[in-house]
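Here is a short briefing on a single structure. Look at the fold, the cysteine links, the aromatic rings and the surface in turn.

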Amino acid sequence: MLLHLKLFAFVFLFFTCTLFTLRAADWIDDGHCVFSGNCQIDNKTKGELSCLVNFTAFEVSEESMEIVKDVCPMFINESGIRPKLCCNYSQLVQMQDSFKLPQALLQRCPTCWRNFRDHICSMTCGPFQSYYVRATGWIPEIGRAHV
């Protein structure tokens, strides 16, 4: 009887772990952009809404590199190779402008500022947005869906 219980427990745990592993594999993807660019103006807030996309990150332009160095230096590597990101030039300019107030508020705590900036940069421009950002709803408008 004890042997049957041990065998049952082993088989149950084996199949439970296998099922969990197969289910976890569904959550893993190769990483891609979920939103990029600006498509619409929100009528309520008058803010720009990002476009819903599904593509891999693209290499930033030379023009964008200077802003990336200022706004999101975490993406710049020592070799000088242009990073692949999910945000375009207009988004970077908008982020540069939007960061002025938080930077002024957080300047007394450099670590706080860096953590805040890195979080926003990763969410907005990171090449693996799909790892931590999921569009759960969007409103299709004329032209493109936006988030």
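Five helices and six strands make up the chain. Their order along the sequence is α-β-β-β-α-β-α-α-α-β-β. The model is predicted. It holds five disulfides and five aromatic pairs.

**Fold and contacts**

- The pattern opens with a helix and then runs through three strands, as α-β-β-β at its start shows.
- The pattern closes with two strands, after a run of three helices.
- Strand β1 covers residues 33-41, and strand β2 covers residues 48-55.
- Strand β4 (84-85) is followed by a loop and then by helix α3 (89-98).
- Take the contacts between residues at least 6 apart in sequence: 60% of them join residues at least 24 apart.

**Disulfide pairing**

- How are the bonded cysteines paired when they are numbered in sequence order? The pairing is 1-5, 2-3, 4-9, 6-10, 7-8.
- Among the five disulfides are C33 to C86, C39 to C51 and C109 to C112.

**C33 to C86**

- The sulfur atoms of C33 and C86 are 2.0 Å apart.
- The angle about the S-S bond is -85 degrees, and the link is left-handed.
- What does this pair tie together? C33 lies in strand β1 and C86 in the loop between β4 and α3, so the link joins parts that are 53 residues apart in sequence.
- C33 has 0% relative accessibility and counts as buried.
- C86 is also at 0% relative accessibility and is buried.

**C39 to C51**

- The S to S distance between C39 and C51 is 1.7 Å.
- This link is right-handed, with 125 degrees about the S-S bond.
- C39 sits in strand β1 and C51 in strand β2, so the disulfide ties together parts that are 12 residues apart in sequence.
- Is each end of this link buried or exposed? C39 is partly exposed, with a relative accessible area of 23%, whereas C51 is buried at 3% relative accessibility.
- Strand β1 thus carries a cysteine of the C33 to C86 link and a cysteine of the C39 to C51 link.

**C109 to C112**

- C109 and C112 are joined with their sulfur atoms 2.2 Å apart.
- The link is right-handed, at 65 degrees about the S-S bond.
- C109 is partly exposed, with a relative accessible area of 28%.
- C112 is partly exposed as well, at 35%.

**Aromatic rings**

- How many aromatic pairs does a search of the whole structure find? The search finds five.
- One of them is F128 with Y131: the ring centres are 5.3 Å apart and the planes meet at 20 degrees, so the pair is stacked.
- That call rests on the cut-off for stacking, which is planes under 30 degrees apart.
- F128 is partly exposed, with 39% relative accessibility.
- Y131 has a relative accessible area of 52% and is exposed. The cut-off for exposed is over 50%.
- Ring pairs also connect F99, W113 and F116 into a cluster.

**Surface and burial**

- What share of the 147 residues counts as buried? The share is 29%.
- C33, C86 and C51 are among the buried residues.
- The chain exposes about 10500 Å².
- Carbon and sulfur atoms supply 62% of that exposed area.

Technical notes:
Residues numbered from 1 in each chain as written. Predicted model: local features only at pLDDT ≥ 70, side-chain atom pairs only at ≥ 80, totals over all residues. Heavy atoms only, no water. Phe/Tyr/Trp six-rings, centres within 6.5 Å; stacked < 30°, edge-to-face > 60°. Buried < 20%, exposed > 50% of the residue type's maximum accessible area, 1.4 Å probe, protein only. Disulfide = S-S within 2.5 Å. Helix = DSSP H or I, 4+ residues; strand = E, 2+ residues; numbered from the N terminus. Contact = heavy atoms within 4.5 Å. Areas by Shrake-Rupley, 256 points an atom, 1.4 Å probe, with all protein chains shown as cover.
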